[in-house]
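Visitor: I should like to learn how to read the features of a structure such as this one. Please give the general idea in each case and then turn to the example.

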Amino acid sequence: MAHQLHQRLILGKVITFVVVLLVTSSHISSTAAQSSNVLNLVTYNTALAFAEATRVPRLKIIEERLRSGNFSAVADILCLQEVQEEVHQENLTAAAREGGFPYRASFLDGQDSSTLAALAVQPPCNVLKLLSFAGCLQANCTAEVASGNIRSALFCTYTRCGSQVRAASLSQECINCLNALGFSGIAENSRPDRLGRGLCFLNRTRLDFRPTYGLLLLSKYPLSNVARQTFLQESSLFSRGYLRATVAGGSRLGGDWTVTCSHLYPSVAGVPYTGVYGSAEEENLNNTLAMMTDSVVAASSQVALMGDMNHGPEVSATMVTGEFPNNYQAVLSRSFCSPYAGVAPRLCSFCRRSNPILVAQNATATDQILDHIYLKAPFLSCTNGIDSGGSLSAARLFTDIPPPLSFPLSDHYGVQVSINITETPSAGTSTVPSVATTSAGTGAVPSVVSLALGLLLVATVRL
């Protein structure tokens, strides 16, 4: 009797041990089938669009940081804005490839050989078109043009001669050329042929000023289905649009992501709106809706909308002033997450009160959050832009002042969003590792199960 009781006690311990082993093996198997990965997205307005004094040193440092891996250390996918000139796009792309971004999307890649051949034999600008507003510039903007400050010249042009410029219907190549080389000539003596030091009227230079829309999308992951979409032509000097691409993330990123990179229409203080919409706010909303309702974006389960959206919420706690806040809410109303602007600390990304570049322009102006990364995915549950699952985090980047500069690299700061993604096996893949697998935590699972079953069999036989 005592012997049988002892045997039953042993069997009980063995069964308990077997259950523990089986539970442990199940946990190991589950761990092997799922792991957490992080996808880092960064948007950054480089402020390289205007040919002003600080652009050359800033451009050099941005290029060096791309080449050294400074950007790829914080971003898997990087959306840059205001890289307006073709030569800058090509140089930054080459540096990015050395620094960890082998893939890019750009408007420069979307033109076929016949289009390029046609552009190669045309000048960027037509003299006759410029004659229509040369007199207006001479009468109203001589001082601004003579100052050499391209930004001031452009604002004066659209404030005082906007209707004439619009009527001229300048090509985007011409606009890019004028911005890059200057307005000298047109306001000095109404000689449009001297505009841009004459280069804007030379044949075979139009290729150098192809429309880029200032957008450059860089990625560590392969990009496919790249689309280059333009918005309805508006009143700003630069045409606007967005890049769209499929990021092939596979099971590591929970499947493919549809990503857009954009720079939407802004509100410019002191410059009256002369566009085709009722106001700058309405045009910004139109840009926003066009991007969100893009057929590919709307049909995708995982979406990231990145860029300088030129709209944002009011945040009293951080003294952030709203910019077209209703347009920001229009994005949130479609169940997009807003990890940076929606969650504390909600710091400005366009900081007129503290960024030295902007303080020099207007010390009394306000701070805003204009740069955003909006997200939508099955594993995210967002209410008013905030995800309840804890899968997202955000940070402000590139706030440092790199020597020898006495100011940051841009008038905008970068915005980073990190997504924690649970990797799951692709369809048809067994969640139980093969016996042949010997790496720690995988090949051990079948052995543990066999051991447990063997012990249970032995104990039963002994009884």
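Guide: Let us begin with burial: a residue is called buried under 20% relative accessible area, exposed over 50%, and partly exposed in between, using a 1.4 Å probe and protein chains only. This is a predicted model, in which local features need pLDDT of at least 70 and side-chain atom pairs count only at pLDDT 80 or more, while totals for chains, interfaces and linings use all residues. Residues are numbered from 1 along each chain as its sequence is written, and side-chain values use heavy atoms, with hydrogens and water left out.

Visitor: Is Cys348 buried or exposed?

Guide: Cys348 has a relative accessible area of 8% and is therefore buried. Cys351, at 0% relative accessibility, counts as buried too.

Visitor: How many disulfides does the structure hold?

Guide: A disulfide is a pair of cysteine sulfur atoms within 2.5 Å. The structure holds three disulfides. Cys348 and Cys351 form one of them, with their sulfur atoms 2.1 Å apart. The torsion about the S-S bond of Cys348 and Cys351 is about 110 degrees, so this disulfide is right-handed.

Visitor: Which parts of the chain does the disulfide of Cys79 and Cys261 link?

Guide: First, the naming of elements: helices (H or I, at least four residues) and strands (E, at least two) are DSSP runs, numbered from the N terminus. The sulfur atoms of Cys79 and Cys261 lie 2.1 Å apart, and with 80 degrees about the S-S bond the link is right-handed. The pair joins distant parts of the chain, since Cys79 is in strand E2 and Cys261 in strand E7, 182 residues apart. Cys79 is buried, with a relative accessible area of 0%, and Cys261 counts as buried at 0% relative accessibility.

Visitor: What is the distance between the sulfur atoms of Cys337 and Cys382?

Guide: These sulfur atoms are 1.4 Å apart. The torsion about the S-S bond of Cys337 and Cys382 is about 45 degrees, so the disulfide is right-handed. Cys337 lies in the loop between helix H12 (325-332) and strand E9 (350-351) and Cys382 in strand E12, so the pair ties together parts that are 45 residues apart in sequence. Both Cys337 and Cys382 are buried.

Visitor: How should I read a strand, and which residues lie on each side of E6?

Guide: In a regular strand the side chains alternate between the two faces of the sheet. Strand E6 (residues 241-247) is mostly covered, as seven of its seven residues are buried. On one side are Gly241, Leu243, Ala245 and Val247, and on the other Tyr242, Arg244 and Thr246.

Visitor: Which strand joins E6 through Ser262?

Guide: Two strands pair if DSSP finds at least two bridges between them. Ser262, in E7, stands opposite Tyr242. Six bridges join E6 to strand E7 (residues 257-263), and the two run antiparallel. E6 also pairs with strand E5 (residues 223-230) in the antiparallel sense, over six bridges; there, Gly241 of E6 is the bridge partner of Thr230.

Visitor: How many aromatic pairs are counted?

Guide: Rings of Phe, Tyr and Trp (its six-membered ring) pair if their centres lie within 6.5 Å; planes under 30 degrees apart count as stacked, over 60 as edge-to-face and the rest as tilted. By this rule there are seven aromatic pairs. Among them, Tyr44 and Phe71 form a tilted pair, 6.2 Å centre to centre with 40 degrees between the planes. This pair links distant parts of the chain: Tyr44 is in strand E1 (residues 35-45) and Phe71 in the loop between helix H2 (55-68) and strand E2 (77-81), 27 residues apart. Tyr44 counts as buried at 0% relative accessibility, as does Phe71 at 1%.

Guide: Another pair is that of Trp257 and Phe379, which is edge-to-face, 6.4 Å centre to centre with 70 degrees between the planes. Here Trp257 in strand E7 meets Phe379 in the loop between strand E11 (371-376) and strand E12 (382-383), 122 residues apart. Trp257 is buried, with a relative accessible area of 1%, whereas Phe379, at 32% relative accessibility, counts as partly exposed.

Visitor: Which residues form one cluster with Tyr44?

Guide: Phe71 and Phe398 form one aromatic cluster with Tyr44.
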